[in-house]
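Colleague: I am new to this structure and would be grateful for a close look at one part of it. Please begin with a single element and its surroundings, and then set that part within the wider fold.

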Amino acid sequence: MTSESGGPRCERGAGDAAEHPAPTDSDPLRRFAGIWCRAVHPLAATTMTPEAFEEYLLPLAHRLSAALRSSPFDTEAAYGVGAALVDAQCTEPEALPAILGVIDAHLVSCSTPVAPSRQRSAEPGHEPPADEEARARCVRLQHALAAGFVRELRKRERDEQAAISRAALAARTEAEKALHTSEAKFQAVFEGAVIGVGIAGLDGEVLVVNDAMARMFGGMDFFRPGRNVTEFVHPDDVPGAHELYRELVSGERDHFRIEKPHYRDDGSELWTNLTVTLLRDSSGAPQYQLALAEDITEHRRLRERLRYEATHDELTGLPNRPLFLERLDQVLAAGDDADRFGVCYLDLDGFKAVNDSLGHVVGDGMLKAVAERLQGCVNAPAELIARVGGDEFLALVTGPAAQADGAALARRMLAALAEPVRVEGRELRVRASIGVVDGRAGEIGRAEVLRSADITMYRAKAAGGNRYEIADADSNARVIARHSLTNGLPSALEKGEFFIEYQPLVRLTDGTVRGAEALVRWLHPVHGVLGPDQFIPLAEDTGLIVPLGRWVLEQAARQAREWRDADDEGGEPLRVNVNLSPCQLSHPTLVSDTVAILENAGLCPSTLCLEVTENDLIGADESALRPLRQLADLGVDIALDDFGTGYSNLSYLRRLPVSTLKLDRSFTRGMQRAPADPVDVKIVEGIVSLAHTLDLAVTVEGVETAVQAEHLRGLGCDTGQGWYYARPGPPERLHTLALADAS
């Protein structure tokens, strides 16, 4: 808008000059304003001279420079600068790109950071940004300026549209009184409008357009005599645009508004915000079409660029996670007759090692090379590859053969990654694991699709990696159940859902009970009683095994004390065996916790036997063995559990602080029936002989029959445990145990 004297309003522009010191000729922002003026003034419709226009731009330059260096960073000033440029009549379509181009090329270089001496005196938090941040801020200021420019231009255009509509209404009303007056008023508004205005007959023939409309379309020649609005059809017209036009000219509606593309005579594309209104005569009958067109070509390009940046991965240029999920949601929301879909979830094997050893520059280069190869695997419009974060990629296929197509795409991706990629002079081998999921719209939701793909991908990793797996409902259910148990472990200990059963350890020479092994159970509120093999690995993975193991040790020690107190005859106290996990072995409080538990229970250390699996000790260095050696020195027995399943290096036993070998049941299955397997007999005989030579006792697990027990007794084994004697049970059974078939 302009003042009555014809100059621009200065509330948003020159009026701010008082906020800044008077610039000198050497002021970089004075040079910036001069460059800005020379670039924009020839394209603007302003009535100011170049000198006056430069003075008008100078305070705007100061506002942008101050915003660029503001802390915290705020783009609000840029919105005002955009509005001020509209006030200065910089409203031609070519003006906005020139405005933004000068800012992009010169603003940062002309906005010199505050000198060090001034930095120390400046208020805290107002230090100038670094060069990279300054460039990023400059981009955001351009976006904000463009938004303010468009917003002010739209406001002006809405005001003018309202004025045009009022003028048109007034012209129609006044036509009965003074037709020539109304025509003069309408003509003034028509010719002076900055937006395009055109009038056509009901048959579509263009009758008249103003200069703004002609400039949009490249000149008045575009609207040559006989031109019809029906010729302005574009392939990208919104669906139903023709129906809206038909309803208007037939009088069924009074107006419609759409964003519409047009082709100019030179083949270039023009986008307009088009409002078409039906003009009726004094009797209400349709008479003319009034079209108001706003050129939004630059605004649309900016919007498309921003959308591209928001929906594509910056590093690889592939679609990103939001765009992939948008496409997936569209597929899943299709009707009942929709084709099937398939999703491939790809994760690089060992990519973290590349970043950690070679650096993120090499890692990023590898990701870009991988993305390029994966994009080359897409050979149909119904396929999409996206990078969804880190080293993870998602692929989507649709069609009646989605499962086969998904598996085929997975094979193509693995084949594409088979050859090493070259990054920073290095050849890097790429391995990937892929999970493939297929389904039909309406049968499965987005969350379930992604969860199933993720589970299946990790199943491929667990199988060795560099392969793909097809989703399997049973496998998914097992993983989900495992996850549910893992989540329930912490609260299970707090709620007291764990309990202990005891399996007797029987002296083979006379069949008397020597002690018992403590075996923890979980009374799950949903799944019932769970054995240790179902939750101990989960507890080790989550670290809960340390507090759980301490609780088991406390309960077992308390039970051993109760057994001792219940023995009226004062016989040999029953020993309790407790298993230790690798996490407990390496925990720094193992020795102190064990000593404290024994003291609290009033037990002699020899009453406790800690069982450690063979693979946890074989090959351990002295620092790893030190806690067990300290416990053994205190009198605690140490048993080597599952002996024979690992290295079975008997000579290595000489340096281990163990007192008992627990022979794995796999060596004694051949003795369950007569005649015994001679190979098993020789193996067990040799182990027992060497163990006794090393002053080690031998306990045999898995004793199932009387024949087996007799063979083991004859071979010199010391103790045994198994279902032949008793299954694990409550602690009170130990003193009332009846040994079946004992002789």
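Modeller: The account below starts from one helix, follows its neighbours to a pair of rings, and ends with the sheets.

The model is a predicted one, in which local features need pLDDT of at least 70 and side-chain atom pairs count only at pLDDT 80 or more, while totals for chains, interfaces and linings use all residues. Residues are numbered from 1 along each chain as its sequence is written, and side-chain values use heavy atoms, with hydrogens and water left out.

The chosen element is helix α16, residues 532-542, whose buried residues are Phe 535, Leu 538 and Ala 539. These three cover an arc of only 105° around the axis, which places them on the same side of α16. The arc is taken from the directions that lead from the helix axis to the C-beta atoms. An α-helix has 3.6 residues a turn, so residues three or four places apart point the same way. Asp 533 and Asp 541, on the other side of α16, are exposed. Here buried means under 20% relative accessible area and exposed over 50%, with partly exposed in between (1.4 Å probe, protein chains only). Helices (H or I, at least four residues) and strands (E, at least two) are DSSP runs, numbered from the N terminus.

The buried residues of α16 pack against α15 (473-495), β13 (498-507), β14 (513-524), β15 (528-530) and α17 (545-566); contact means heavy atoms within 4.5 Å. Gly 543, just after α16, takes a positive phi of about 85°.

Two of these neighbours lead on to the aromatic rings. The structure holds 12 aromatic pairs. Rings of Phe, Tyr and Trp (its six-membered ring) pair if their centres lie within 6.5 Å; planes under 30 degrees apart count as stacked, over 60 as edge-to-face and the rest as tilted. In one of these pairs, the ring centres of Phe 222 and Phe 223 are 5.1 Å apart and the planes stand at 80°, so the pair is edge-to-face. Both Phe 222 and Phe 223 are buried. Tyr 502 and Trp 563 have ring centres 5.2 Å apart and planes at 75°, so this pair is edge-to-face. Tyr 502 lies in strand β13 and Trp 563 in helix α17, so the pair ties together parts that are 61 residues apart in sequence. Tyr 502 is buried, with a relative accessible area of 5%, and Trp 563 is buried at 4%.

Phe 222 and Phe 223 also belong to one aromatic cluster with Phe 217 and Phe 232. The charged end of Arg 227 sits over the ring of Phe 222, 4.3 Å from its centre. Arg 727 lies over the face of Trp 723, at 3.4 Å from the ring centre. A charge counts as sitting over a ring if NZ of Lys or CZ of Arg is within 6 Å of the ring centre and within 35 degrees of the ring normal.

The sheets supply the wider setting. One open sheet of five strands has the order β2-β1-β5-β4-β3, with antiparallel pairing. β2 (206-209) and β3 (255-263) stand at its edges with a single partner strand each, so one side of each has no neighbour in the sheet. From one strand to the next the twist averages 25°. Strands pair if DSSP finds at least two bridges between them. β3 and β4 (residues 269-280) are joined by nine bridges in the antiparallel sense, and in β4 the bridge partner of Tyr 263 is Glu 269. Helix α8 (residues 241-249) packs on this sheet, touching β3, β4 and β5 (286-295), and its direction makes about 130° with that of β3. Helix α9 (residues 297-311) also touches β3, β4 and β5, at about 125° to the direction of β4. Axes are lines fitted to C-alpha atoms, for helices over the stretch in contact, and angles run from 0 to 180 degrees between N-to-C directions.

Another open sheet has five strands in the order β7-β8-β6-β11-β12, and its pairing is mixed. Its edges are β7 (383-389) and β12 (467-470), each with a single partner strand, so one side of each is left without a neighbour in the sheet. β6 (residues 340-348) and β11 (residues 432-440) run antiparallel and share nine bridges, with Leu 348 opposite Ala 432 in β11. β6 also pairs with β8 in the antiparallel sense, over seven bridges. Five of the seven residues of β8 are buried, so this strand is largely enclosed by the rest of the structure.
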